[in-house]
Amino acid sequence: MRGGESAADAETLLIQELKARGDEAEPDRALTATAAWALQGAYDKRDVSDTKVITTTAQRFGFAGLVLGFVAGSLREQQAHLSLSELFAQVPRNTRINRYGIVAGAGSDVAMVIGAVEASLDDFARSAAPGSTLKLHGKVSERYERASVFFTSPEGSVRELPMAARAIDAQVEFPSVGQYQIELMGYGATGPVVLMNVPIQVGAPESETADAAETEPADPTLTAEAAEATLLTLLNEERKRRGLGAVEPDPELREIALAHSADMVQGGYFGHVSPTTGTPDDRVRKAHVRVSKAGECVALELTPARAHRGLLDSPAHRAAMLDPLYTHVGVGVAFVPDKVGQRRLNATLLFGRRAPKAEARQSAAALIEAIQGYRKAQKLGPVRVDPVLTAVANAGSRVLAKGAATPQQVLAATQVEMQRQVNRTRVGRVACRAFLEIIDRYQLSTVPLLQRPELAGLGVGVAELGDESDPRLGVVLAVEAGPKQTLRCQ
């Protein structure tokens, strides 16, 4: 905090607002410097009202968190008090405000920036030379179980570096000239949460040209339907630029997405996990929507263009928007009114993969080929198709083919066959057995058991389930580790 009586008065108001939310915050040097820069900009009659401009400035001062809002004005004016109150009201209730910067100017003028820091990181440079490496060390806060580092390259590709737990130990290589976007994501009870999103300039100066989306004014007459159509158009234009097929609008997915946007507005929160409807997968499952893969993006912004740009600037969200496996999307928008006459749109984009029904009619050989391909893509070795394990898996599939079998009955049949094979060969075997229903070969790439480096032997049995209107494939797996290795079955 910098300044005299006005800064102290502003801090008193801030503490009152924080107490009402149940938050506690501490002053932050980078946010204080940002507030000073913004206040001087207001005196110089520069437009410093855009949150992205404030965010970029805070990052230049070394802030490694999320900027949540900014306000400037004279405390003698009622409008300034209203704007200050609205500054806190616009922050979703499930977002913790724990950092702030306050600067006093002439008379009773003040500027305030609020933010959130939920990770402790060693300092790192915001520019680098081509061919260098950025090392990130630290940990995310205790309310998260684990973390991931995502980054977008100058060419637009996204990569994830998952961490095993809360500790962060990542290295990001910079082979190309241009801007990389580094994002830290925390995973916990509230779902995935962006904790940091900063650009790193590699061998090139930062662009001074603002994106048109950043300066687009809000349209007070915009309808939710028009906003949804714009978001869909912008999404498919970006996919086309990247050589990807368009995602088709899906009424079922849109109904789920719209309900989630409305739930966020009504509940005063922002995120993927709802206190009432759970996770995106929970919502899809409860709606009985048939997709083999689902993903969700949420945005809270003044315009569709800003929402689209903000999602693309987030590496994790960008990866979902440009995932070639997605075929359909539902876009739902609900508006959030505020006290100063603006509306923000709360948008949910719910992606889904609707595979052809023929995908649920596959042979064991086709599934084995797919498994080998998925392992190769992950730089894992091929798996030996073992006759004993195949016999074990087929024993389970025969039970499935008879109809109305429970998973327990399927696995019991595989256990009986395994014992029979041991008695026949007089060779002890230790194998993991699993049963799953799929509608798309892609789902096999998400089975952890099939992605283990120590996996060496494999048997697959299949049985067609359901009818023509709802085809499904029952898959029985029997797998084992290599010599002197142990395979975790869970």
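**Notes on the predicted model**

1. Let's start with one residue. Asp386 is buried, with a relative accessible area of 7%. This is a predicted model, so please read every value here as computed from it. The partner of Asp386 is Arg384, and the closest N and O atoms of this salt bridge are 3.3 Å apart. Arg384 is partly exposed, with a relative accessible area of 42%. One side of the pair is buried, then, while the other is partly exposed.

2. Stay with charged residues for a moment. How many salt bridges does a search of the whole structure find? There are 26. Some of them share partners: Arg290, Glu437, Asp470 and Arg472 are joined in this way into one network. When you look at this group on screen, note that Glu437 falls within the residue range of strand S18 (residues 432–438), and Arg472 within that of strand S20 (residues 472–481).

3. Two more salt bridges sit inside helices. In helix H6 (residues 224–241), Arg241 and Glu238 lie three residues apart, about one turn of the helix. Their side chains meet at 2.6 Å, N to O. Which of the two is buried? Glu238 is, with a relative accessible area of 6%; Arg241 is exposed, at 56%.

4. Helix H8 (residues 280–286) holds the other one. Arg285 and Asp282 are three residues apart there, about one turn of the helix, and the closest N and O atoms of their salt bridge are 2.6 Å apart. Arg285 counts as exposed, at 52% relative accessibility. The cut-off for that word is over 50%, so Arg285 at 52% qualifies.

5. Now for strand S20 (residues 472–481). Why is this strand described as largely enclosed by the rest of the structure? Because nine of its ten residues are buried. Strand S18 (residues 432–438) is joined to S20 by seven bridges, and the two run antiparallel. If you want a pair to find in the viewer, try Phe435, whose bridge partner in S20 is Val476.

6. Strand S20 also pairs with S19 (residues 455–465): ten bridges join them, again antiparallel. Here Val462 has Val475 of S20 as its bridge partner. S19 and S20 make a hairpin with six residues between them. In that turn, Gly466 has a positive phi of about 70 degrees. While you are looking at strands, remember that in a regular strand the side chains alternate between the two faces of the sheet.

7. The structure holds one disulfide. It is formed by Cys432 and Cys489, with their sulfur atoms 1.9 Å apart. Cys432 belongs to strand S18 and Cys489 to the segment after S20, so the pair ties together parts that are 57 residues apart in sequence. The torsion about the S-S bond is about -80 degrees, so this disulfide is left-handed. Are its two ends buried or exposed? Cys432 counts as buried, at 4% relative accessibility, while Cys489 is partly exposed, at 43%.

8. Another sheet to look at is an open one of three strands, in the order S5-S7-S10, with antiparallel pairing. S5 and S10 are its edge strands, each pairing on one side only. From one strand to the next, the twist averages 30 degrees. Eight bridges join S7 to S10, and His137 stands opposite Asp169 in S10.

9. Finally, the nonpolar cores. The largest has 24 residues, and Val149, Ile182 and Leu184 touch the most other members. Strands S5 (119–121), S7 (132–140), S8 (144–152), S10 (167–174), S11 (178–188) and S12 (191–202) are the elements that give two or more residues to this core. Which strand gives the largest share? S12 does, with five residues. As for Val149, leaving aside its neighbours within four places in sequence, its contacts include Leu136, Leu161, Ile168, Ile182 and Leu184. Charged residues are on that contact list as well, among them Arg159, Glu160 and Glu183.

10. Apart from this core lies another, of 22 residues, including Leu231, Cys297, Ala320 and Met321. Cys297 is a good one to pick out: its relative accessibility is 0%, so it counts as buried.

Technical notes: Residues are numbered from 1 along each chain as its sequence is written. This is a predicted model: local features need pLDDT of at least 70, side-chain atom pairs count only at pLDDT 80 or more; totals for chains, interfaces and linings use all residues. Side-chain values use heavy atoms; hydrogens and water are left out. Buried means under 20% relative accessible area, exposed over 50%, partly exposed in between (1.4 Å probe, protein chains only). Helices (H or I, at least four residues) and strands (E, at least two) are DSSP runs, numbered from the N terminus. Two strands pair if DSSP finds at least two bridges between them. A nonpolar core is a set of buried Ala, Val, Leu, Ile, Met, Phe, Trp, Tyr and Cys residues joined through side-chain atoms within 4.5 Å. Contact means heavy atoms within 4.5 Å. A salt bridge is a side-chain nitrogen of Lys or Arg within 4 Å of a carboxyl oxygen of Asp or Glu. Axes are lines fitted to C-alpha atoms, for helices over the stretch in contact, and angles run from 0 to 180 degrees between N-to-C directions. A disulfide is a pair of cysteine sulfur atoms within 2.5 Å.
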